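Let's take a stroll through this one together. Have the sequence and the 3D view open as you read.

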Amino acid sequence: MNTAISVSGLVKTFGRTRALDGLDLTVSPGEVHGFLGPNGSGKSTTIRVLLGLLRADAGTAELLGGDPWRDATALHRRLAYVPGDVTLWPNLSGGEVIDLLGRLRGGLDPRRRAELLERFELDPRKKGRAYSKGNRQKVALVAALASDAELLILDEPTSGLDPLMEEVFRQCVREERRRGRTVLLSSHILSEVEALCDRVTIIRRGRAVESGTLDELRHLTRTSIQAELARPSDGLAGLAGVHGLEADGARVRFEVDGGRLDEVLRHLVGSGVVSLVSRPPTLEELFLRHYADDLGAEAKAAAR
Amino acid sequence: MTANAGARTLLRLALRRDRVMIPVWVGLLFVLALTVLTGYQGLYSEEAERREFAAGINTNTSLLAFYGPAHAASVGALTAWRLGAAAAVLVSVMSILLVVRHTRAEEEDGRLELVSAGVVGRYAPLTVALGTAFLANLALGLSVTLLLMGEGAAGAVAFGLAWTLTGTFFATVAAVTAQLTGNARVANTIAITLLGAAFLLRAVADSGGANGPTWLSWLSPIGWGQQVRPYAGDRWWVLALPLAGAMLLAALAYSLVARRDLGGGLLPSRPGPAQAAPSLRSPLALAWRLQRGALAAWAAGFAVYGLVFGGTIEGVDELAGDSPSTRDAIARMGGTTDLTNAFLVTAFGLMALTASVYAVQAMLRLRGEEAHGRAEPLLASPVSRVRWAGGHALIALLGTALLLVVGGVTTGLTYGLTSGDLAGAMADAMGGALVQVPAAWVPAGIALALLGPAPRAVAGAWAAIAVFLLLGQVGPLLELDQWAMDLSPFTHVPKLPGAAMAVAPMVWLAVVTAALAAAGLYGLRRRDITA
């Protein structure tokens with residue numbers, strides 16, 4: 001088994017909506033893989049196909065060396081899942097839900113359970129209907145993290161958590177990685193993905209548009225430059241690879257494509273560099289760049 | 001009226017959400033009234049026949065207990081008699097379900113929170129729920145009034161108003177129970193238990209005939225509807241009782257709304273255990289945990305029903321008199337010529353139909369679990385779909401059998417104590433109850449067969465029960481062809497006690513249930529799990 005998850009050309013339609021449109025996704029064992037995309041881009045659909053809850057219309061999906069639809073029950077012994085929108089049984093306490101889900105998976109470590117309850121500051125005696133959204137999320141997180149599954153599938157697991165709890169969650173994921181577990185983390189909280197993930201796949205409208213390590217993705221995209229020059233620079237706007245130039249006398253701000261950086265810096269040096277700040281693109285910018293195309297297309301469609 | 005701000009918009013939303021549910025309920029009850037009316041028009045066209053039939057009713061304990069006394073012998077009066085008690089219960093069930101659906105269920109699912117944050121008064125959701133229920137009852141009352149117009153306008157209006165106001169009264173009962181608890185299912189259960197108590201109270205009041213404790217009927221809201229006596233004096237002033245009762249209960253519900261938090265009930269919710277009991281370790285154990293409360297409530301209802309009706313059986317034979325047409329009418333309903341046995345068969349037939357309502361409800365917990373997203377974490381664990389569905393299916397089937405056993409034992413107990421032959425009574429009652437089990441399973445099988453491949457079509461299981469109810473209640477009256485009667489599983493039940501025991505039809509009914517269940521599980525394994 002070379003991959004924990006391997007999906008190619010996955011298609012899933014609901015009536016006339018094409019939720020997944022030839023999606024590719026590869027997750028290697030032992031990595032924390034970020035799965036990024038705007039709302040409605042198909043993240044949850046992909047995960048539910050991987051869990052054998054939905055049946056793909058076309059394409060192949062392999063999970064831990066098995067077929068997620070055919071071998072669902074056997075595969076589920078080896079994974080734990082946190083849904084994006086956790087609903088609990090209104091008359092079961094949180095502790096009962098954690099124990100039930102753990103036992104169905106073949107038992108859970110009581111020490112680890114107690115430790116997680118304490119770290120997440122969760123009262124296990126409350127009934128399901130009395131928990132807030134964040135606390136329902138914690139119930140599902142404790143149930144998943146207390147298991148000894150080799151693969152964790154987390155669908156927007158921190159929605160509803162406060163910043164302190166989000167930090168606890170990050171620590172937990174780092175510990176899981178140290179133990180050699182594989183994590184698929186679907187999210188649209190970019191700082192979380194940036195902090196935790198080894199590799200990232202960005203999807204849009206049911207297709208993967210980027211996939212790779214964060215460094216690889218950054219290399220493919222633009223660096224933002226802010227510089228103060230000795231004298232105003234001519235011809236900067238005309239250079240290939242320069243975008244969004246804002247010039248205020250001798251101060252300039254712009255973005256430059258990864259491959260053109262050398263050429264553009266040489267041009268700046270010609271004008272005398274007084275100060276220079278260069279910032280690699282944040283994941284947010286990466287993400288927005290793909291998403292912006294969407295917004296643009298929608299605006300065009302609306303204008304028609 | 002800022003407390004009711006937004007009610008107009010919300011009412012339109014409620015009516016839109018109920019655009020299928022209300023017409024189906026109103027349509028079903030209208031068809032029930034229509035078939036009863038045309039049945040009597042055809043069956044008892046002669047005045048003398050009707051007089052004899054009405055006289056027979058008033059000396060028959062079982063008919064008195066189920067339907068109350070007949071006060072006149074016109075076709076209109078007999079139709080009102082037949083629909084006045086048992087059918088009024090259905091009207092009330094509709095009203096209860098509608099009100100809880102728009103109040104506590106909305107609140108429990110969190111949708112009311114979104115709505116209440118808008119420009120919506122504190123009282124608006126309750127006003128909308130009561131308004132929706134009232135409109136449904138009004139539509140129902142108008143449609144039966146128009147239906148009965150040919151038999152006399154005053155009686156038709158009196159009967160329509162009796163249904164409308166009885167339904168409205170129980171709508172306000174539900175409005176109060178919805179304030180008491182945080183759980184919609186419990187709110188429904190309390191309201192329907194009160195409705196059952198009202199029906200039993202008037203059953204006891206009426207079963208003794210003119211010499212019985214008839215005053216008890218005035219304590220029962222179902223009794224009020226009958227006391228209006230449409231086509232037999234049209235006592236309009238009686239309508240003031242449900243009207244005043246509804247206004248009082250509505251006022252109580254509004255004052256409770258003003259006193260409590262959104263999402264909370266008046267009955268406090270207690271904390272649960274920090275750890276699960278060791279037994280909570282399988283899908284079946286979870287299904288049992290989720291369903292045991294409802295099953296206990298149903299079993300208690302069956303026990304009360306059995307105890308009360310068991311006590312009215314003794315003496316049926318003597319009271320019925322010698323009228324051949326009465327004997328004929330009862331035998332047609334019960335299927336045997338011995339009146340005591342016919343009564344038992346009728347009572348257990350109704351009990352079995354009620355048990356099948358439980359069976360479908362228990363089976364459809366599967367759909368509720370799936371639609372609320374609670375099936376997902378289970379199916380993402382090493383639990384196969386068949387094991388998950390099997391747990392709830394097992395409880396639905398065994399629970400149905402348990403209800404009929406409880407009904408049989410309690411009926412046999414009071415029947416035996418009043419007749420002095422406990423062993424004989426127990427054997428008759430248990431036999432009569434147990435033969436119904438496979439038939440009561442069939443609707444649950446239909447529910448699973450729909451839920452498997454087509455989860456959005458599960459309402460078809462309720463439609464099936466409605467058809468079986470109509471066939472059983474009005475089929476004999478309309479003298480339908482046998483093939484039509486054969487569509488209902490309850491037609492095939494051996495008419496025990498009295499008739500010969502037949503094993504083959506029971507085995508066939510069990511096989512049909514098993515085949516339906518297998519088809520459902522086959523479909524469930526092949527489809528998407530949807531929220």
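A polar atom in the side chain of D162(A) sits 3.0 Å from the backbone nitrogen of L164(A), and a polar atom of that side chain is also 2.8 Å from the backbone nitrogen of M165(A). Both count as polar contacts, meaning a pair of N or O atoms within 3.5 Å; within protein, one must be able to donate a hydrogen and the other to accept it, and residues adjacent in sequence count only if both atoms are side-chain atoms.

Before we go on, some ground rules: this is a predicted model, where local features need pLDDT of at least 70, side-chain atom pairs count only at pLDDT 80 or more, and totals for chains, interfaces and linings use all residues. Residues are numbered from 1 along each chain as its sequence is written, chains are lettered from A and ligands numbered from 1 in the order in which they are written, and side-chain values use heavy atoms, leaving out hydrogens and water.

Here are the polar contacts to look for:

| Side chain | Partner | Distance |
|---|---|---|
| D162(A) | backbone nitrogen of L164(A) | 3.0 Å |
| D162(A) | backbone nitrogen of M165(A) | 2.8 Å |
| E175(A) | side chain of R119(A) | 3.0 Å |

Where is D162(A) found? Look in the loop between strand 6 (151-155) and helix 6 (163-178) of chain A. Helices (H or I, at least four residues) and strands (E, at least two) are DSSP runs, numbered from the N terminus. D162(A) counts as partly exposed because its relative accessibility is 38%; buried means under 20% relative accessible area, exposed over 50%, and partly exposed in between (1.4 Å probe, protein chains only). Its C-alpha atom is 26 Å from that of A149(A), 13 residues apart along the chain.

Helix 6 of chain A is also home to E175(A). Setting aside neighbours within four places in sequence, E175(A) is in contact (heavy atoms within 4.5 Å) with R112(A) and R119(A).

Now for the nonpolar side of things. A nonpolar core is a set of buried Ala, Val, Leu, Ile, Met, Phe, Trp, Tyr and Cys residues joined through side-chain atoms within 4.5 Å. The largest has 215 residues, and F120(A) and W163(B) have the most contacts inside it. Helix 17 (residues 339-363) of chain B gives the most to this core, 13 residues. Not counting residues up to four places away in sequence, F120(A) touches several residues, including L141(A), M165(A) and F169(A).
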